[in-house]
Amino acid sequence: IGFSADAATQELAQSLVDVGGQLKGVCAVVGSDEELPIELAKASEMLIHIRCADEQESVRLRNAADLAGLGIRRVVADAGGFSHLPYADNMIDVLVVTRASEELLQDLAIQEVMRVLRPQGVAIVGKAVRSRGGDIAPDRLQKWASGSSARPIPAARLSDLGTWCVLQKPEPDGVGEWTHWTNTPDNNPVSDDRVIRAPYLT
């Protein structure tokens, strides 16, 4: 028996990938949404990590990933809270929430989302029409996002698929540009970056 999702889930997954702007990298899905994380993996080359509220749901998603031929190399699911996400600082390329509720937004602070996103990483937070649960008001999402310096991103592609707040984490002040093999066109390998400082850990 294989794995298949409905057309609405496939459309939402493709739209989320397009708005996130990444085909590769690490995508964090906060809160389970049935088969959507599996479709995100199929619509991209990203590693999908799902943070579920309960262990049974994480087991079900791992089994679904196996049925879809993805497995642990592409889809990882675990259970735990949302107040402190299990990621290092500046690690996540795209963070997705498609079943935002009042309870979830109280647990998941915008500061925690910004902590785990890499500079220029994208957070897509909202309530999809196809997803179970009550709707979330746009002004509630705006209030939730107001505690950060993130840049809002227009997401017309998602407008018919739910209520959304799409944010991009800004680069920290002092980040240098490294546009060529030796930093600049004049082959000067000395960067003007003021963020990276010794000791360097690799």
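Let's start at Arg151, which sits in strand β6. Helices here are DSSP runs of H or I with at least four residues, and strands are E runs of at least two, numbered from the N terminus. This is a predicted model, in which local features need pLDDT of at least 70 and side-chain atom pairs count only at pLDDT 80 or more, while totals for chains, interfaces and linings use all residues. Residues are numbered from 1 along each chain as its sequence is written, and side-chain values use heavy atoms, with hydrogens and water left out.

**The β6 edge**

Arg151 has a relative accessible area of 47%, so it counts as partly exposed. For the record, buried means under 20% relative accessible area, exposed means over 50%, and partly exposed is in between (1.4 Å probe, protein chains only). Across from Arg151, in β7, stands Gln168. The side chains of these two, Arg151 and Gln168, also make a polar contact at 2.3 Å. A polar contact is a pair of N or O atoms within 3.5 Å; within protein, one must be able to donate a hydrogen and the other to accept it, and residues adjacent in sequence count only if both atoms are side-chain atoms. Setting aside neighbours within four places in sequence, Arg151 is in contact (heavy atoms within 4.5 Å) with Val166, Leu167 and Gln168. Lys169 is 18 residues away from Arg151 in sequence, with 6.5 Å between their C-alpha atoms.

Zoom out a little, and β6 pairs with β7 (residues 162–168) in the antiparallel sense, over two bridges. Strands pair if DSSP finds at least two bridges between them. The whole sheet is open and has seven strands, ordered β3-β2-β1-β4-β5-β7-β6, with mixed pairing. Its edges are β3 (75–79) and β6 (151–152), each of which pairs on one side only.

**Helices on the sheet**

Two helices can be placed against those strands. α1 lies across β4 (92–97), β5 (117–128) and β7, at about 150° to β5. α3 (residues 55–67) lies across β2 (47–52) and β3, at about 170° to β3. The axes are lines fitted to C-alpha atoms, for helices over the stretch in contact, and angles run from 0 to 180 degrees between N-to-C directions.

α1 has 14 residues and spans 20 Å from its first C-alpha to its last, close to the 20 Å expected at 1.5 Å a residue; the expected span is 1.5 Å times one less than the number of residues. At its start, a side-chain oxygen of Asp6 comes within 3.1 Å of the backbone nitrogen of Ala8. After α1 comes Gly21, with a positive phi near 75°. Which residues of α1 are buried? They are Thr9, Leu12, Ala13, Ser15, Leu16, Val17, Val19 and Gly20. The buried residues of α1 pack against α2, β4, β5 and β7.

**The cores**

In soluble globular proteins, nonpolar side chains tend to be buried together. A nonpolar core here is a set of buried Ala, Val, Leu, Ile, Met, Phe, Trp, Tyr and Cys residues joined through side-chain atoms within 4.5 Å. The largest one has 31 residues, and Leu16, Leu40, Ile48, Ile124, Leu158 and Trp164 touch the most other members. Helix α1 (residues 7–20) supplies the largest share, five residues. Another core lies apart from it, with 27 residues including Leu85, Ile92, Ala150 and Leu167. As for Leu158, its contacts beyond four places in sequence are Leu12, Ser15, Leu16, Val19, Ile124, Trp164 and Val166.

**Around α2 and β2**

Ala41 belongs to helix α2, whereas Ala43 is in the loop between α2 (36–42) and β2. His49 is in strand β2, and its side chain makes a polar contact with that of Tyr87 at 2.6 Å. Here is how accessible these three residues are:

| Residue | Relative accessible area | Class |
|---|---|---|
| Ala41 | 0% | buried |
| Ala43 | 21% | partly exposed |
| His49 | 13% | buried |

Again leaving out neighbours up to four places away, Ala41 is in contact with Ile48, Leu70, Arg74 and Val75. Ala43 is in contact with Gln14, Val17 and Leu23. His49 touches Cys27, Ala28, Val29, Val76, Asp78, Pro86 and Tyr87. Over longer stretches of chain, the C-alpha atoms of Ala41 and Pro170 are 26 Å apart, and those of Ala43 and Pro185 are separated by 37 Å.
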